[in-house]
Amino acid sequence: MSIRNLIEQRLREAFAPQSLEVIDESERHRGHGGWREGGETHFRIRMVANTLAGQSRVARHRAVNDCLKPAFDAGLHALAIEVRTPDERDPRGGGPASLS
Amino acid sequence: MSIQQWIKNEVDSNDVVLFMKGTPTFPQCGFSGQVVQILDYVGVPYKGINVLEDDELRQGIKEFSQWPTIPQLYVKGEFVGGCDIVREMFQNQELQSHFAEKGIPTRQSA
């Protein structure tokens with residue numbers, strides 16, 4: 001299974017997200033530390049999930065990191081995490097998230 | 001001294017510590033570089049520790065915080081977060097308040 005699919009599958013199972021984007025940004029890090037031919041080293045996730053409610057930022061990131069430990073073990077090097085609940089404003093602008 | 005004791009000593013004896021790849025003047029990773037820019041902008045004194053200089057440290061810091069990625073910011077001995085968390089806190093002014101609450105002067109508050 002590709003690392004992208006592994007990330008997506010594990011996040012969906014653990015957090016039942018309302019929306020989830022898994023973006024491979026490896027190409028933007030070509031030649032940098034941790035990068036390797038073939039990509040799948042640097043990912044960004046954007047997830048909106050009710051199941052994150054009531055948790056601090058650190059707790060949310062820890063939950064995501066712990067859930068994705070198999071992906072780190074499989075070669076994931078860097079993970080940018082953008083997570084929020086449907087009630088929280090999207091920091092990238094716009095109103096509340098539309099649910100997918 | 002074990003690496004865990006060494007890390008503990010660093011975060012306990014410095015108010016603001018950033019474990020990063022490269023140095024504040026020459027970051028070697030975009031994520032570390034972002035946190036350096038934010039700390040410099042806020043104007044808080046901090047100690048940057050380059051994990052690339054020592055493999056034992058590079059692994060040890062991940063175990064210390066149970067956090068798999070670098071950079072890692074510590075304030076008054078407490079883990080604050082990595083690049084995304086620091087940036088979000090900065091954008092919401094929470095980072096600046098956090099330093100103020102911990103009694104750490106910043107250029108912006110002076």
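Here is a walk through this predicted model, from a pair of helices in chain B to a few unusual spots in the backbone.

Let's begin with two helices of chain B. Helix H2 covers residues 30-42 and helix H4 covers residues 83-91, and their axes come within 9 Å of each other, crossing at roughly 30°. Since angles under 35 degrees count as roughly parallel, that crossing makes H2(B) roughly parallel to H4(B). As for its hand, the crossing is left-handed.

Which residues of H2(B) and H4(B) make the contact? On the H2(B) side, look for Phe31(B), Gln34(B), Val35(B), Ile38(B), Tyr41(B) and Val42(B). Facing them from H4(B) are Cys83(B), Val86(B), Arg87(B) and Phe90(B). Sorted by character, the residues of this contact come out as 8 nonpolar, 1 polar and 1 charged.

Now zoom out to the largest nonpolar core, which has 38 residues. The members that touch the most other members are Val16(B), Leu18(B), Phe19(B), Leu39(B), Leu73(B), Leu95(B) and Phe99(B). Quite a list of chain B elements gives two or more residues to this core: helices H1 (3-13), H2, H3 (55-65), H4 and H5 (94-101), along with strands E1 (16-20), E5 (72-75) and E6 (78-81). Which element gives the largest share of this core? That would be H2(B), with 6 residues. There is also a second, separate core of 21 residues, and its members include Leu6(A), Leu20(A), Leu68(A) and Ala71(A).

Leu95(B) is a handy place to pause. Leaving aside neighbours within four places in sequence, Leu95(B) is in contact with Ile38(B), Val42(B), Leu73(B), Val86(B), Met89(B) and Phe90(B). You have met some of these already: Ile38(B) and Val42(B) are in the H2(B) part of the helix contact, while Val86(B) and Phe90(B) are in the H4(B) part.

Next, try Ile61(B), which sits in helix H3 of chain B. Is Ile61(B) buried or exposed? With a relative accessible area of 0%, Ile61(B) is under the 20% cut-off and so counts as buried. Not counting residues up to four places away in sequence, Ile61(B) touches Ile7(B), Phe19(B), Val51(B), Ile70(B), Gln72(B) and Tyr74(B). Here's a long reach along the chain, too: Ile61(B) and Lys8(B) are 53 residues apart in sequence, yet their C-alpha atoms are 9.7 Å apart in space.

Back in helix H2 of chain B you'll find Ser32(B). Ser32(B) is buried, with a relative accessible area of 0%. Setting aside residues up to four places away in sequence, Ser32(B) touches Met20(B), Lys21(B), Ile70(B) and Pro71(B).

Those last two residues bring us to the backbone. The peptide bond running from Ile70(B) to Pro71(B) is cis, with omega near 15°. Pro71(B) itself lies in the loop between H3 and E5 of chain B.

Two other residues are worth a look for their phi angles. Glu40(A) has phi near 60°, a positive value in a residue other than glycine. You'll find Glu40(A) in the loop of chain A between strand E1 (19-24) and strand E2 (42-48), and at 19% relative accessibility Glu40(A) counts as buried. Over in chain B, Lys76(B) also has a positive phi, near 50°, without being a glycine. Lys76(B) is in the loop between E5 and E6 of chain B, and at 40% relative accessibility Lys76(B) counts as partly exposed.

Definitions and conventions. Residues numbered from 1 in each chain as written. Chains lettered and ligands numbered in written order. Predicted model: local features only at pLDDT ≥ 70, side-chain atom pairs only at ≥ 80, totals over all residues. Heavy atoms only, no water. Axes fitted to C-alpha atoms, helices over the stretch in contact; angles between N-to-C directions. Helix = DSSP H or I, 4+ residues; strand = E, 2+ residues; numbered from the N terminus. Parallel < 35°, antiparallel > 145°, perpendicular 65-115°, else oblique. Left-handed = near helix turned anticlockwise from the far one by under 90°. Contact = heavy atoms within 4.5 Å. Nonpolar A, V, L, I, M, F, W, Y, C, P; charged D, E, K, R; others polar. Buried < 20%, exposed > 50% of the residue type's maximum accessible area, 1.4 Å probe, protein only. Core = buried A, V, L, I, M, F, W, Y, C linked by side-chain atoms within 4.5 Å.
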